[in-house]
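Student: I'm new to this structure and would like a close look at one part of it. Could you take me through the sheet with the helix lying across it, and then whatever helps me find my way around there?

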Amino acid sequence: YKALVDRAFSEERPDIVLNFAAESHVDRSIDSSEDFVASNVLGATNIFDASRKHHVSRVIQISTDEVYGSVEKGSFTEEDNLNPSSPYSGSKAAADCMALSYYKTHRLPVVITRSANNFGEYQFPEKLLPRFITNLISGKKVPLMWSPENPGLNVRDWLHTRDNCRAIWLVANSGIDGEVYNIPGENEFTNIDVTRMILNHFGLGEDMIERVEHRKAHDFRYSVSGEKLKGLGFEYKHRDFPAELGKTIDWYRKNEMWWRGLAK
């Protein structure tokens with residue numbers, strides 16, 4: 001795909017490149033990492049090479065809070081070491097390292113953002129929130145990772161995709177080359193609490209939960225500090241998680257034509 005990427009740059013001549021492209025589902029990366037290395041590492045490197053060749057003024061590498069691994073207390077800052085737990089987060093960490101190496105070696109004007117768990121409309125049904133929502137719309141149970149020692153207590157930080165994109169655009173315009181910016185959601189909830197919120201929206205009880213085994217190397221808690229981002233002047237507009245979750249559920253209810261085929 002290197003030649004295809006180069007041709008796209010030649011034809012479009014972009015000023016700013018935002019690399020959102022990635023394989024991103026952890027469970028699939030555990031089954032097979034091949035696509036994740038191809039897309040997330042080699043694909044990103046192709047973009048860095050094309051950006052350097054065509055003198056792009058700025059590259060934004062979209063990454064994830066998962067590259068830091070799990071933390072029981074406190075929050076990771078941009079200076080903390082990377083400690084990925086899955087082939088997905090490992091491939092994203094590798095792409096981050098490549099991005100920073102291109103900045104140091106070639107002075108490629110690249111900036112990295114590391115976002116918390118995104119949610120909102122048009123999210124692919126394999127992700128936790130849309131999968132649970134579309135399952136319940138279809139009359140199916142929701143598969144929650146569970147064990148007697150850990151009954152759905154893993155913590156995730158939820159960031160509305162609109163706030164994520166606003167933050168990314170702010171960094172694209174105001175960030176410093178060669179720097180990393182975390183984008184937290186500042187909405188930390190256990191998976192069981194989020195599941196209960198969704199069930200309550202449907203007027204359903206916990207009998208609709210299907211208990212499944214935890215994935216391999218299941219990270220307990222993700223949490224990143226957003227102080228550096230706030231230093232650029234960022235403010236949230238969609239931080240009320242229960243309200244935004246309700247809007248998201250309503251969207252999936254009203255747009256079955258969009259997700260029905262994808263959910264298969």
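Tutor: What follows starts with that sheet, moves on to the helices, and then visits a few other spots.

First, some ground rules. This is a predicted model, so to speak of a local feature a pLDDT of at least 70 is needed, side-chain atom pairs count only at pLDDT 80 or more, and totals for chains, interfaces and linings use all residues. Residues are numbered from 1 along each chain as its sequence is written, and side-chain values use heavy atoms, with hydrogens and water left out. Helices (H or I, at least four residues) and strands (E, at least two) are DSSP runs, numbered from the N terminus.

Now the sheet. It is open, has three strands in the order 4-6-8, and its pairing is mixed; two strands pair if DSSP finds at least two bridges between them. At the edges sit strand 4 (117–119) and strand 8 (188–190), each pairing on one side only. From one strand to the next, the twist averages 45 degrees. Strand 6 (residues 155–160) runs antiparallel to strand 8, and three bridges join them. If you want one bridge to look for, Arg156 has Phe189 in strand 8 as its partner.

Across strand 4, strand 6 and strand 8 lies helix 9 (residues 241–254), running at about 50 degrees to strand 4. Axes here are lines fitted to C-alpha atoms, for helices over the stretch in contact, and angles run from 0 to 180 degrees between N-to-C directions.

Helix 9 also has a helix for company. Two packed helices are described by the angle between their axes and the distance between the axes. For helix 5 (residues 128–137) and helix 9, the angle is about 50 degrees and the axes are 10 Å apart. The two are therefore oblique to each other (under 35 degrees counts as roughly parallel, over 145 as roughly antiparallel, 65 to 115 as roughly perpendicular and the rest as oblique). Which residues in helix 5 and helix 9 meet? On the helix 5 side they are Leu129, Pro130, Ile133, Thr134 and Ile137, and on the helix 9 side Phe241, Leu245, Thr248, Ile249, Tyr252 and Arg253; contact means heavy atoms within 4.5 Å. That set divides into eight nonpolar, two polar and one charged (Ala, Val, Leu, Ile, Met, Phe, Trp, Tyr, Cys and Pro count as nonpolar, Asp, Glu, Lys and Arg as charged, and the others, Gly among them, as polar).

Next, have a look at Leu229, in helix 8. Leu229 is buried, at 1% relative accessible area (buried means under 20%, exposed over 50%, partly exposed in between, with a 1.4 Å probe and protein chains only). Leaving aside neighbours within four places in sequence, its contacts include Ala167, Leu170, Tyr181 and Phe234. Val171 is another contact: it is 58 residues away along the chain, with 7.8 Å between the C-alpha atoms of Val171 and Leu229.

Just before helix 8 comes a loop from strand 9 (209–212), and Ala217 is found there. Its phi is near 50 degrees, a positive value in a residue other than glycine, and Ala217 is exposed at 53% relative accessibility.

Finally, strand 1. Its side chains alternate: Val17 and Asn19 point to one face and are buried, while Ile16 and Leu18 point to the other and are not. Strand 1 pairs with strand 2 (residues 58–64) in the parallel sense over four bridges, and Asn19 has Gln61 as its bridge partner in strand 2.
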